[in-house]
Amino acid sequence: MRSFTGFGRKLERFSNHSRIKAACFNQPYHGLLYSCFRFLVFKVNPFWIQLAYFLVLSLVGYGALNMSKSRTDSFRPKNIDMFFTSVSAAAVSSMSTVEMEVFSNTQLIVMTVLMLVGGEVFVSMLGLQLRRSMFWKQQSPEDRTDSVSNSISQYSLTSKNIAHQTELGSVTSSILEIEKPDTDLEGNIKSSSNSESLKYKATRCLGYMVLGYLLVVHIGGSSLVSMYVSLVPSAKKVLETKGISIQTFSVFTVVSTFANCGFVPTNENMIVFKKNSGLLLLLIPQILVGNTLYPTCLRVLIWVFHKITKRMEFNYILENYKEMGYSHLLSGVYCSLLAATVFGFLLVQFILFCSMEWNSEAMDGLSSYQKFVGSLFQVVNSRHTGEYIVDLSTISSAILVLFVVMM
């Protein structure tokens with residue numbers, strides 16, 4: 001029994017010694033990583049950070065696409081085509097040199113991730129998190145207490161020196177009147193500390209709001225699209241014929257639509273779904289809330305949460321939107337004007353498109369309701385995503401010019 005007890009003590013001492021050595025070994029690496037992070041945040045221009053981010057993202061995406069198998073062994077895209085597709089997905093440009101149905105389910109998932117992390121809203125959220133790390137609030141409480149106590153002690157010493165000089169007659173009464181008591185100094189420091197603390201909490205709260213916005217739109221949109229395709233036989237048959245998974249199609253299309261990329265897993269884009277008006281109506285809000293209406297939707301969401309929770313952070317964000325440093329955060333007036341401009345341009349496009357293309361070859365075989373929804377989907381995409389339900393080569397030149405102007 002004693003031998004087991006002695007062995008247990010030795011094992012405990014060995015584990016404690018190993019833990020200490022591991023901590024000492026990891027400490028320099030933690031310090032190096034922290035120094036590199038501070039250098040990136042405080043010293044490097046944000047342009048170079050974003051450039052490096054997209055370069056690394058494109059290279060990682062190219063490697064993942066290249067290692068994954070294509071849908072058929074008879075044809076495999078070239079390396080330059082894979083790299084171009086990776087860059088296009090990361091930059092949400094929707095340009096491609098190969099047909100989309102060439103890519104396997106795994107490759108479509110890789111492209112989905114690239115579009116998600118390369119989208120404007122996601123990248124802006126990363127910038128918001130970097131800005132949050134620059135606040136002094138992230139310093140340790142001991143450091144802030146020491147800085148406050150040092151400031152108070154310095155001013156106390158100054159007051160004592162002035163009192164000593166007063167006894168010698170070397171300081172006038174006017175100078176003494178200018179000096180404030182230590183209680184005023186402490187009040188100013190506490191007020192500044194509270195302001196910085198509120199700003200930090202507001203930035204953190206805004207980051208959570210943007211993250212929640214992303215999750216709700218993507219999860220909700222993917223669920224609705226998946227449900228629609230599963231319940232509507234015509235849409236389900238298209239995917240079954242092409243061998244595309246319903247879940248992959250739903251997530252891929254919603255991510256691409258929200259990021260305003262325009263990639264669709266089918267070769268014909270959305271032309272094969274032009275009679276599925278319900279699917280088009282589900283995608284139209286995704287297009288708007290991920291692009292021009294994002295600032296308006298974000299401000300409305302913050303306002304709603306402020307009314308419900310009455311938290312000071314939401315009120316601070318609404319009243320100090322410029323100080324937040326988030327380019328998508330606009331004033332209430334600007335958000336209203338932005339929404340009015342978006343819907344005004346859409347109305348103009350919709351009227352002109354319907355007046356010139358209602359009975360054209362591009363709309364053949366569609367009912368009046370399908371033409372209405374299809375026209376709305378087409379004009380919304382002309383300014384944003386780039387998805388289409390009609391062959392653009394069959395529409396009139398005047399409408400093409402209108403699309404160019406609106407883009």
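**Group meeting: salt bridges and a helix pair**

Okay, let's start with the charges: this structure holds 3 salt bridges. Keep in mind as we go that what you're looking at is a predicted model.

Find K242 on your screens. K242 makes a salt bridge with E101, and the closest N and O atoms are 2.7 Å apart. Now, K242 sits in helix 9, residues 233–242, while E101 is in the loop between helix 3 and helix 4, so this pair ties together parts that are 141 residues apart in sequence. Is E101 buried or exposed? It counts as buried, because its relative accessibility is 18% and the cut-off for buried is under 20%.

K242 also forms a salt bridge with E268, where the closest N and O atoms are 3.1 Å apart. E268 belongs to the loop between helix 10 and helix 11, and K242, again, to helix 9, so here the parts being tied together are 26 residues apart in sequence. E268 comes out as partly exposed, with a relative accessible area of 30%. Put those together and you get E101, K242 and E268 linked in a network of salt bridges.

There's also a salt bridge between the side chains of R311 and E313, at 3.2 Å from N to O. R311 is partly exposed at 40% relative accessibility, whereas E313 counts as buried at 10%.

While we're in those loops, let me point out some backbone angles. Next to E268 in the numbering is N269, which is also found in the loop between helix 10, residues 246–258, and helix 11, residues 277–289. N269 has a phi near 60°, a positive value in a residue other than glycine. And N269 counts as buried, with 8% relative accessibility.

Then go over to the loop between helix 3, residues 79–90, and helix 4, residues 105–118, where you'll find S94. S94 isn't a glycine either, but its phi is positive, about 65°. With a relative accessibility of 26%, S94 counts as partly exposed.

Right, on to the helices. Which helix does helix 12 pass in a left-handed crossing? That's helix 13. On the helix 12 side, the contact is made by R299, I302, W303, F305, H306 and T309, and on the helix 13 side by F314, N315, I317 and L318. As for the geometry, two packed helices are described by the angle between their axes and the distance between the axes. Here the axes of helix 12 and helix 13, residues 312–319, come within 8 Å and cross at roughly 145°.

Stay on helix 12 for a moment and look at the surface. V300, W303, V304, F305 and I308 make a nonpolar surface patch of about 470 Å². So W303 and F305 turn up in this patch as well as in the helix contact. V304 is in helix 12, which covers residues 294–309, and V304 is partly exposed, with a relative accessible area of 31%.

Last bit, zooming out to the whole chain. The protein chain has 16 helices and 0 strands. Of its 407 residues, 40% count as buried. The chain exposes about 23,200 Å², and carbon and sulfur atoms supply 64% of that. If you take contacts between residues at least 6 apart in sequence, 73% of them join residues at least 24 apart. The K242 and E101 pair, at 141 residues apart, is one to look at again on your screens.

Terms used: Residues numbered from 1 in each chain as written. Predicted model: local features only at pLDDT ≥ 70, side-chain atom pairs only at ≥ 80, totals over all residues. Heavy atoms only, no water. Patch = residues over 30% accessible without salt bridge, like charges linked within 9 Å, V, L, I, M, F, W, Y side chains within 5 Å. Areas by Shrake-Rupley, 256 points an atom, 1.4 Å probe, with all protein chains shown as cover. Salt bridge = Lys/Arg side-chain N within 4 Å of Asp/Glu carboxyl O. Helix = DSSP H or I, 4+ residues; strand = E, 2+ residues; numbered from the N terminus. Buried < 20%, exposed > 50% of the residue type's maximum accessible area, 1.4 Å probe, protein only. Axes fitted to C-alpha atoms, helices over the stretch in contact; angles between N-to-C directions. Left-handed = near helix turned anticlockwise from the far one by under 90°. Contact = heavy atoms within 4.5 Å.
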